[in-house]
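Trainee: I am new to this structure and would like to go through it with you. Could we begin with the terms and then take the parts in turn?

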Amino acid sequence: MKFGLSLFTARVKRYILPLLLLSLLLGAIGWFAPAGKEITDVKAEATILLGNYENEYLNNSEVIASLLRNETTFKEYLPDVEIDREQLRISTDAPKKISFALTAINEREALDSLSELVTAFLEMDQRYYKEKDEIISESINQLQEKTVSEDLVVDQERFLYELKTKQLTLQPAMLVKDVMAIKADNRVVSQQDRALVGAMIGIMLSCLWIIYPVFIKSETDLKR
């Protein structure tokens, strides 16, 4: 034990100056090392509440999200939307909610690209909604104009009621969280932090350089 302590003390006295210089050198390297250019990406987000008009694809968040993640079906539903799909993230918050997040290099690009997507989606949804509404309206008009026998009047009225009730429940998709930008926090490490890290690495290496031979010597003595 005394020998190990003596060896430790001797190594400290012998190497203290060069090891201190090593720590200072690594700290200086950390201070003057280039930090790199800060790149702050911007993410735009928006949430849509899906419509209700008996469309098994467009009225189900899981289904439409899956379709829009696929390049082929994305182009099928939104043929005019030109965005970087690799930077697009689609998530489903609930059975009737779908959220979009698009990352870009600046706020204007993020907002414009996601706005283009959201606008195209709502316009596409509106077309399908109107088709369904027109079909029901046409059925109602035809039924109202049709003359039936007295024994079928009750059935006709009931059917009309059901169609009108269904029409009232129809609803197109709507934007519930408007397109907004969120800046990512990509902080560059300061000169002080880099210098401190360099100095700490130097101190750690210095401690290992002094202690390791003492540890090996102690292990060897124990085995004898």
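Mentor: A residue counts as buried when its relative accessible area is under 20%, as exposed when over 50%, and as partly exposed in between. Keep in mind that this is a predicted model.

Trainee: What share of the residues of the chain count as buried?

Mentor: The cut-off for buried is under 20% relative accessible area. The chain has 224 residues, and the share of them that count as buried is 29%.

Trainee: In what order do the elements of the chain run from the N terminus on?

Mentor: There are 6 helices and 4 strands to place. Read from the N terminus on, their order is α-β-α-α-β-β-α-α-β-α.

Trainee: Is strand 1 largely enclosed or largely open?

Mentor: Strand 1 has 8 residues, and 6 of them are buried. The rest of the structure therefore surrounds strand 1, which is largely enclosed.

Trainee: How many bridges join strand 1 to strand 3, and how many join strand 1 to strand 4?

Mentor: Strand 1 runs antiparallel to strand 3, and Glu45 has Ala101 in strand 3 as its bridge partner. Strand 1 also runs antiparallel to strand 4, residues 174-183, where Val42 stands opposite Lys183. The number of bridges is 8 to strand 3 and 7 to strand 4.

Trainee: Which residue in strand 3 stands opposite Ile90?

Mentor: Strand 2 (residues 88-94) and strand 3 (residues 97-104) run antiparallel and are joined by 6 bridges. A hairpin of 2 residues links strand 2 to strand 3. Opposite Ile90 in strand 3 stands Phe100.

Trainee: How far apart are the end C-alpha atoms of helix 4, and what span should its residues give?

Mentor: Helix 4 covers residues 107-145, which makes 39 residues. At 1.5 Å a residue the helix should span 57 Å, and this agrees with the distance between its end C-alpha atoms, 56 Å.

Trainee: Which residue caps the N-terminal end of helix 4?

Mentor: Look for a side-chain oxygen that lies 3.3 Å from the backbone nitrogen of Arg108. The residue that provides this oxygen is Asn106.

Trainee: How far is Arg127 from Pro172 in space, C-alpha to C-alpha?

Mentor: Arg127 belongs to helix 4 and counts as partly exposed because its relative accessibility is 47%. In sequence, Arg127 and Pro172 are 45 residues apart. In space, their C-alpha atoms are separated by 9.2 Å.

Trainee: Which residue has a backbone oxygen 2.6 Å from a polar side-chain atom of Gln156?

Mentor: Gln156 is part of helix 5, residues 153-169. Its relative accessibility is 12%, so Gln156 counts as buried. The backbone oxygen 2.6 Å from a polar atom of the Gln156 side chain belongs to Leu143.

Trainee: Where is Glu54 found, and what is its phi?

Mentor: Glu54 is in the loop between strand 1 (42-49) and helix 2 (61-69). At 52% relative accessibility Glu54 counts as exposed. Its phi is positive, in a residue other than glycine, and lies near 60 degrees.

Trainee: What accessible area do Val197, Ile201, Met204 and Leu205 have together?

Mentor: One of these residues, Met204, is in helix 6, residues 191-223. Met204 counts as partly exposed because its relative accessibility is 49%. The four named residues, Val197, Ile201, Met204 and Leu205, form a nonpolar patch on the surface, and together their accessible area is about 350 Å².

Conventions:
Residues are numbered from 1 along each chain as its sequence is written. This is a predicted model: local features need pLDDT of at least 70, side-chain atom pairs count only at pLDDT 80 or more; totals for chains, interfaces and linings use all residues. Side-chain values use heavy atoms; hydrogens and water are left out. Two strands pair if DSSP finds at least two bridges between them. The expected span of a helix is 1.5 Å times one less than its number of residues. A polar contact is a pair of N or O atoms within 3.5 Å; within protein, one must be able to donate a hydrogen and the other to accept it, and residues adjacent in sequence count only if both atoms are side-chain atoms. Patches are made of residues with over 30% relative accessible area and no salt bridge: like charges are joined within 9 Å, nonpolar side chains (Val, Leu, Ile, Met, Phe, Trp, Tyr) within 5 Å. Accessible areas come from the Shrake-Rupley method with a 1.4 Å probe; for residues, only the protein chains shown count as cover. A salt bridge is a side-chain nitrogen of Lys or Arg within 4 Å of a carboxyl oxygen of Asp or Glu. Buried means under 20% relative accessible area, exposed over 50%, partly exposed in between (1.4 Å probe, protein chains only).
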